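Subject: The structure I promised you

Hi there,

Here is the structure we talked about, ready to open in your viewer. Have a look at it first, and then read on for what I found.

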Amino acid sequence: MKVYIYKVDKIYIGEKIKAVREMLCDWRKEKLDKLKVEDAILTSAGAGLLVQRALKKSFGISKDDIKIRYNEMGKPYLKGFENCFFNIAHSGNYCVVVTDDSECGVDIETKDDKNYAVTRRLFTDKERSAVEDAPEDEKQIVFRKIWTMKEAYLKLNGTGISIPLKSFEVTTDSCKVKDNNGYIYLMNENSYKEEYIIAIASKKDNFSLDIEYIVSI
């Protein structure tokens, strides 16, 4: 599985937004045109450029050949290409795209769970205890690990929140989900040093990650 990580250059994209828009495939242009908040526009544009680079490098698919269909829950798939799968996530200043020859999912997160409302409402008892029992300065990191792993699993299966988050359980390390419908890998390498957490999910029990950090697009 190939992993592409990009810190969006929002200053550059903001200065060149019209030119950047023209560089995007129709799918990303349509998404961009629906956005109103500047920060979201810049992030979406950067994510679009990253998707195009990832699909070109992984599968040789050019911008003009990117056509997207969605499943009933909104997960995007490539039209006309068998065994070519991708997934995208972004949070704060970072975007991540994964590509593989089978279903995949990814999530990245930097937000805290203020007052631990999400932890109490959506985590299993074991997951909630993992957050509560962690040292005070690590509680939010443990929360982000669990949250990204659960999100990556949902994105792997393309179900969205139609599957209750409490219906499956993860650990604070890479793990196999109990129903055997996915393996979740937690990226421990944190080279960006900004407390971002990345989790990647696959239907494969064993898979290797080929990670590429993109400096400029």
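In which strand does Cys95 lie? Cys95 belongs to strand 5, and I found it a handy place to start. Before going further, please keep in mind that this is a predicted model.

**How confident is the prediction?**

The mean pLDDT of the protein is 91, and 95% of the residues reach 70 or more. Confidence is highest in helix 4, at a mean of 97. At the other end of the scale is strand 7 (residues 175-176), where confidence is lowest, with a mean of 81.

**Cys95 and the sheet around it**

Back to Cys95. Its relative accessible area is 0%, so it counts as buried. Leaving out residues up to four places away in sequence, Cys95 touches Tyr4, Ile5, Tyr6, Val8, Thr43, Gly46, Ala47, Leu50, Ala89 and His90. Val8 is 87 residues away from Cys95 along the chain, yet the C-alpha atoms of the two are separated by 7.0 Å.

The sheet that holds strand 5 is open and has 4 strands, in the order 4-5-1-10, with mixed pairing. Its edges are strand 4 (85-91) and strand 10 (210-214), each of which pairs on one side only. From one strand to the next, the twist averages 15°. Strand 4 and strand 5 (residues 94-100) run antiparallel and are joined by 7 bridges. If you would like to find one of these bridges on screen, look for Phe85, whose partner in strand 5 is Asp100.

**Helix 4 and the largest core**

Helix 4 covers residues 38-59. Is its length what you would expect of a helix with 22 residues? What one would look for, at 1.5 Å a residue, is a span of 32 Å, and the end C-alpha atoms are 31 Å apart, so the two agree. Just after helix 4 comes Gly60, with a positive phi near 75°.

Helix 4 also gives the most to the largest nonpolar core, with 9 residues. That core has 28 residues, and Ile66 and Leu78 touch the most other members. Strand 1 (2-7), helix 3 (26-33), helix 4, strand 4 and strand 5 are the elements that give two or more residues to this core. Setting aside neighbours within four places in sequence, Ile66 is in contact with Cys25, Trp27, Gln52, Leu55, Ile61 and Leu78. There is also a second, separate core of 22 residues, which includes Phe123, Val177, Ile184 and Ile197.

**The other sheet**

A further open sheet of 4 strands has the order 6-9-8-7, and here the pairing is antiparallel. Strand 6 (104-109) and strand 7 are the edge strands, each pairing on one side only. Between strand 6 and strand 9 (residues 197-202) there are 6 bridges, in the antiparallel sense. Along this pair, Val106 stands opposite Ile200, and Ile108 has Ile198 as its bridge partner. Helix 7 (residues 139-157) packs on the sheet, touching strand 6, strand 7, strand 8 (183-187) and strand 9. The direction of helix 7 makes about 150° with that of strand 6.

Which residues of strand 6 point one way, and which the other? In a regular strand, side chains alternate between the two faces of the sheet. Strand 6 has Cys104, Val106 and Ile108 pointing one way and Gly105, Asp107 and Glu109 the other. All of these are buried, so you will find Asp107 and Glu109 covered along with the nonpolar residues.

**Two residues in a loop**

Finally, have a look at the loop between strand 6 and helix 5 (117-122), where Asn115 is found. Asn115 has a positive phi of about 65° although it is not a glycine. Tyr116 lies in that loop too, and its phi is also positive, at about 60°, again without being a glycine. Are these residues buried or exposed? Asn115 is exposed, with a relative accessible area of 64%, whereas Tyr116, at 22%, counts as partly exposed.

Happy browsing, and do write back with any questions.

Best wishes

Methods
Residues numbered from 1 in each chain as written. Predicted model: local features only at pLDDT ≥ 70, side-chain atom pairs only at ≥ 80, totals over all residues. Heavy atoms only, no water. Pairing = 2+ DSSP bridges. Axes fitted to C-alpha atoms, helices over the stretch in contact; angles between N-to-C directions. Expected span 1.5 Å × (residues − 1). pLDDT = per-residue confidence, 0-100. Contact = heavy atoms within 4.5 Å. Buried < 20%, exposed > 50% of the residue type's maximum accessible area, 1.4 Å probe, protein only. Core = buried A, V, L, I, M, F, W, Y, C linked by side-chain atoms within 4.5 Å.
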